[in-house]
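Here is a quick walk through a few spots in a protein model. Take a look at the sequence and the structure first, then read on.

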Amino acid sequence: MRAFFNTVALFLTVLILSYAVDVSAEVPAKSQTLDQDEIVNLVIERSFGIKQAEMGVAETKEGIPTAKSVFDTNLAMSGSYQYDNSKQTSSLFGDRTDTWLWNLSLSKEIPSGTRLGLSWANTRSQTFNAAVGGVQIIPSQALYEPILGVSLAQPLMQNAFGMNDRLGVKQAKLAYEASDSDLRRKIDLQVYQALRNYWSLVFVRKHIVAQKKAVRFARDFLSTTREERRLGTAEETDLLAARANLLNREDELMNLQEMERTTLESLRRDLEYDPDVFVQVTRKDPPFENPGMADDERINAAFERRGDYQALRKNLNRLNVRLKVAKNVRWPKLDLVSSLELNDIDPSYSRAVSDMDSPNVRVGLNFSIPLENRAARADTRRTTAEKAGALYALKDLENKILNEISRLVAEVGSRQRIVVTSRKVLELQVAKVREEMKNYHMGRSSSYVMVQYQNDAVSAERHLIESWLDYQNSVLGLWLADGSIVAGK
């Protein structure tokens with residue numbers, strides 16, 4: 001009996017003093033000791049999923065200069081030489097013509113939609129033996145013709161004053177901003193998952209600590225029961241029950257150790273650690289958080305911080321812009337066009353260039369319209385439907401955020417009260433075992449009752465650990481819901 005009494009006393013001492021103390025095994029060589037803040041930083045720095053999403057954002061960003069390329073300046077140059085010795089229908093055309101061409105042009109569209117052009121064209125031609133009756137009709141020396149030209153085209157209906165081009169740039173900017181906001185939400189989700197795995201690892205190790213204590217007690221109790229059976233003070237059924245109790249505790253311990261292994265694997269994957277890295281975690285319980293209120297200020301702050309909400313808003317704005325473009329494309333094309341060219345022809349290139357005072361002016365309108373215009377009309381209807389769908393998605397997310405924050409604010413407060421109650425239950429269970437020990441010492445209790453009371457104490461400790469984990473998951477859920485899991489830290 002004294003051996004059993006000593007076992008119970010030792011168990012109570014360990015139970016009371018070591019609830020939050022980990023039983024440290026030998027720490028592997030590759031060990032990382034991490035807290036919650038370090039988890040957040042490591043996920044942001046190391047996660048390949050986040051880096052992949054960042055590359056997607058960088059790709060989307062390049063859509064902005066692509067859209068702006070419509071305003072690029074285009075330089076064109078050309079040059080050619082033609083040797084024409086083909087037969088002619090008349091000697092008036094000569095029997096050979098040499099032609100040199102070299103041209104330079106610049107063209108650019110400005111944000112007003114105006115297309116500007118500047119050209120510098122040069123021709124050097126020389127005709128041989130262009131004579132009638134021995135009289136030279138075309139001079140045999142080379143003639144130069146430089147032409148300086150400027151042109152202007154202004155859209156008046158479709159893409160009027162460059163509206164579609166400017167809106168195309170705006171669409172690209174909004175697409176990039178939506179992609180960047182979506183990245184923020186992906187970071188929040190990655191951090192949330194890593195923190196859940198981190199705290200799961202913290203508390204599964206606390207479970208293991210509690211279960212190891214239960215195994216030690218079950219092993220000591222089996223030893224005591226064997227001694228009592230040898231002395232004849234215990235029955236065979238007591239011995240069988242003690243053996244079953246030990247096997248059950250050891251089985252539970254193995255399940256918890258397997259859970260620790262899989263949770264550690266998940267956390268290593270979140271942090272992009274190699275399989276041989278062992279993660280050490282905090283030994284402290286998380287502090288109680290003030291859940292605050294689900295008021296308008298908090299809701300509005302959540303709308304501003306939530307990347308998925310901002311991505312939907314920016315996508316809705318992009319669709320508004322796209323709808324304007326689609327409606328404008330339904331209009332006919334009506335462009336005002338004009339050009340001015342100055343030229344001269346002279347055997348001397350320098351004199352031809354200096355005497356270019358012969359204008360060639362053209363002003364007109366170009367008009368075109370597809371009569372059915374089905375593509376433009378269909379695009380307008382499609383964009384209208386997309387915009388309506390995006391608006392419904394935004395409203396649905398707003399309602400989801402409102403309900404999530406309201407529910408989680410209440411849940412965090414409720415989980416706090418559960419933890420406090422569970423802690424009180426554990427204290428009462430330990431006190432109950434103490435009192436029963438006194439009765440046992442005086443011969444007014446049995447080993448069966450003592451084992452049951454010990455089970456109650458172990459279950460209360462396990463329930464307290466689970467309550468802490470449920471509470472911390474509620475806190476993480478609230479941080480995720482109001483967008484503060486990264487932005488608010």
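What follows covers a pair of helices, a run of paired strands and one loop residue. Keep in mind that this is a predicted model.

**The helices**

Let's start with helix α3, which covers residues 48-61. Does its length fit its residue count, and what should its 14 residues span? At 1.5 Å a residue the expected span is 20 Å, and the end C-alpha atoms are 20 Å apart, so the two agree.

Now for its sides. Which residues of α3 are buried? They are I50, A53 and V57. These three cover an arc of only 60° around the axis, which means they sit on the same side of α3. The general rule helps here: an α-helix has 3.6 residues a turn, so residues three or four places apart point the same way. Turn to the face of α3 that looks away from the buried side, and you find F48, Q52, M55 and E59, which are exposed.

What do the buried residues of α3 pack against? Their partners are α2 (36-46) and α5 (163-231). Helix α2 has buried residues of its own, namely Q36, I39, V40, L42 and V43.

Both α2 and α3 also have a side-chain oxygen reaching a backbone nitrogen at the start of the helix. For α3, the oxygen belongs to S47 and comes to within 3.3 Å of the backbone nitrogen of G49. For α2, D35 caps the N-terminal end, with its side-chain oxygen 3.3 Å from the backbone nitrogen of D37.

**The strands**

Next come β2, β3 and β4, with β3 pairing with β2 and also with β4. Here are the two pairings side by side:

| Strands | Direction | Bridges | Residues facing each other |
|---|---|---|---|
| β2 (73-84) and β3 (96-109) | antiparallel | Twelve | A76 and S105 |
| β3 and β4 (115-128) | antiparallel | 14 | L101 and T123 |

How many residues lie between β3 and β4 in their hairpin? There are five, and G113 in the turn has a positive phi of about 90°.

**A loop residue**

Last stop: N373, in the loop between β10 (358-368) and α10 (374-441). Is N373 buried or exposed? With a relative accessible area of 12%, N373 falls under the 20% cut-off, so it counts as buried. Leaving aside neighbours within four places in sequence, N373 is in contact with V329 and R330.

How values were computed:
Residues numbered from 1 in each chain as written. Predicted model: local features only at pLDDT ≥ 70, side-chain atom pairs only at ≥ 80, totals over all residues. Heavy atoms only, no water. Helix = DSSP H or I, 4+ residues; strand = E, 2+ residues; numbered from the N terminus. Expected span 1.5 Å × (residues − 1). Buried < 20%, exposed > 50% of the residue type's maximum accessible area, 1.4 Å probe, protein only. Arc of directions from axis to C-beta. Contact = heavy atoms within 4.5 Å. Polar contact = N/O pair within 3.5 Å; in protein donor to acceptor, adjacent residues only side chain to side chain. Pairing = 2+ DSSP bridges.
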